[in-house]
Amino acid sequence: MADPDRAKLTALIEPEAKALGFDLVRVKLFGGSGDLTLQVMAERPDTRQLTIDDCAELSRRISERMDELEAEGRDLINEEYRLEVSSPGIDRPLTRLQDFTDWAGHDARIVLAQPVEGRKQITGPIKGVDGDRITIEVRKQGDMTIGFADVGDAKLVFTDRLLAATRPLSMEGADEEEVLEDDSDEDVSGEDAALESAKDKGLN
């Protein structure tokens, strides 16, 4: 969250998610002019998912807050964009230090902000967290410990074990999941396929 624009968006969106009882997982602005997307991932603490109705309600609250800022001349995004609200999905991004604790034992793929021990990317099971230090059992190398500040981007790797651990308690009203394996750092697939209908919004 070092990006100032993302930090401002997060500061705006997180209270709206909290008001609905959701935990904010990720806020990401990506794409170029004419194809800009504001991606918001959130979850209910008890189910780690959102229903379609949950996505719609959070989308509405975010849109209303953005409209209020626009009316005040304090736009955070000053061009047309698409808003996507979803659950984090099975191969979820790991954006908080607590995520590495919660998903210990599962495989993660981590792209480092700067090379550590000559490596830019590491993959393997999360062994544990001690303070702000994360230990990963790197394949063909052994345990490697990095600081949370060293993490540029991280996500869980889809496995049968992860699938079993993330099956919703009930499928009623839940988003349909589409599991895709993609090594792209900019991956936005593998998340719940039933995103809240994209909303094109023109801001001056």
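This report describes the strands, nonpolar cores, salt bridges and aromatic pair of a predicted model.

Residues are numbered from 1 along each chain as its sequence is written, and side-chain values use heavy atoms, with hydrogens and water left out. Because the model is predicted, local features need pLDDT of at least 70 and side-chain atom pairs count only at pLDDT 80 or more, while totals for chains, interfaces and linings use all residues.

**Strand β2 and its neighbours**

Helices (H or I, at least four residues) and strands (E, at least two) are DSSP runs, numbered from the N terminus. Two strands pair if DSSP finds at least two bridges between them. Strand β2 has a partner in β1, to which it is joined by seven bridges in the antiparallel sense. Within β2, T37 is the bridge partner of F30. The two strands β1 and β2 make a hairpin with six residues between them, and G31 in the turn has a positive phi of about 100°. Strand β2 also runs parallel to β3, with five bridges between them; here V40 has V85 of β3 as its bridge partner.

A residue is called buried under 20% relative accessible area, exposed over 50%, and partly exposed in between (1.4 Å probe, protein chains only). Seven of the seven residues of β2 are buried, so this strand is largely enclosed by the rest of the structure. In a regular strand the side chains alternate between the two faces of the sheet. Both faces of β2 are covered: one side carries T37, Q39, M41 and E43, the other L38, V40 and A42, and all are buried.

**The nonpolar cores**

A nonpolar core is a set of buried Ala, Val, Leu, Ile, Met, Phe, Trp, Tyr and Cys residues joined through side-chain atoms within 4.5 Å. The largest such core has 21 residues, and L38, V40, L58 and I62 have the most contacts inside it. Two or more residues each come from α1 (4–19), β1 (23–30), β2 (37–43), α2 (52–71) and β3 (81–86). Helix α2 gives the most, with five residues. Apart from this core lies another, of 19 residues, among them L112, I122, I136 and A154.

Contact means heavy atoms within 4.5 Å. Not counting residues up to four places away in sequence, L38 touches L9, I13, V27, K28, L29, I77, Y81, R82, L83 and E84.

**The five-stranded sheet**

An open sheet of five strands has the order β7-β6-β5-β4-β8, with antiparallel pairing. Its edge strands, β7 (142–147) and β8 (151–156), each pair on one side only. From one strand to the next the twist averages 40°, where axes are lines fitted to C-alpha atoms, for helices over the stretch in contact, and angles run from 0 to 180 degrees between N-to-C directions. Five bridges hold the antiparallel pairing of β4 (residues 107–116) with β8. Opposite L112 stands V151 in β8.

**Salt bridges**

A salt bridge is a side-chain nitrogen of Lys or Arg within 4 Å of a carboxyl oxygen of Asp or Glu. By this rule the count comes to 18 salt bridges. Three of them are listed here with the distance between the N and O atoms.

| Acidic residue | Basic residue | N to O distance |
|---|---|---|
| E43 | R96 | 3.5 Å |
| E84 | R82 | 3.5 Å |
| D107 | R139 | 2.6 Å |

The D107 and R139 pair links distant parts of the chain, with D107 in strand β4 and R139 in the loop between β6 (133–138) and β7, 32 residues apart. D107 is buried at a relative accessible area of 16%, whereas R139 is partly exposed at 47% relative accessibility. Salt bridges that share partners join E43, R48, R92, R96, D99 and D102 into one network.

In the E43 and R96 pair, E43 is buried with a relative accessible area of 2%, and R96 counts as partly exposed at 24%. For the R82 and E84 pair, R82 is partly exposed at 23% relative accessibility, while E84 counts as buried at 13%.

**The aromatic pair**

Rings of Phe, Tyr and Trp (its six-membered ring) pair if their centres lie within 6.5 Å; planes under 30 degrees apart count as stacked, over 60 as edge-to-face and the rest as tilted. This rule gives one aromatic pair. The ring centres of F100 and F148 are 6.3 Å apart and the planes stand at 75°, so the pair is edge-to-face. The two lie in distant parts of the chain, 48 residues apart: F100 in helix α3 (residues 97–102) and F148 in the loop between β7 and β8. F100 is buried at 0% relative accessibility, whereas F148 is partly exposed at 28%.
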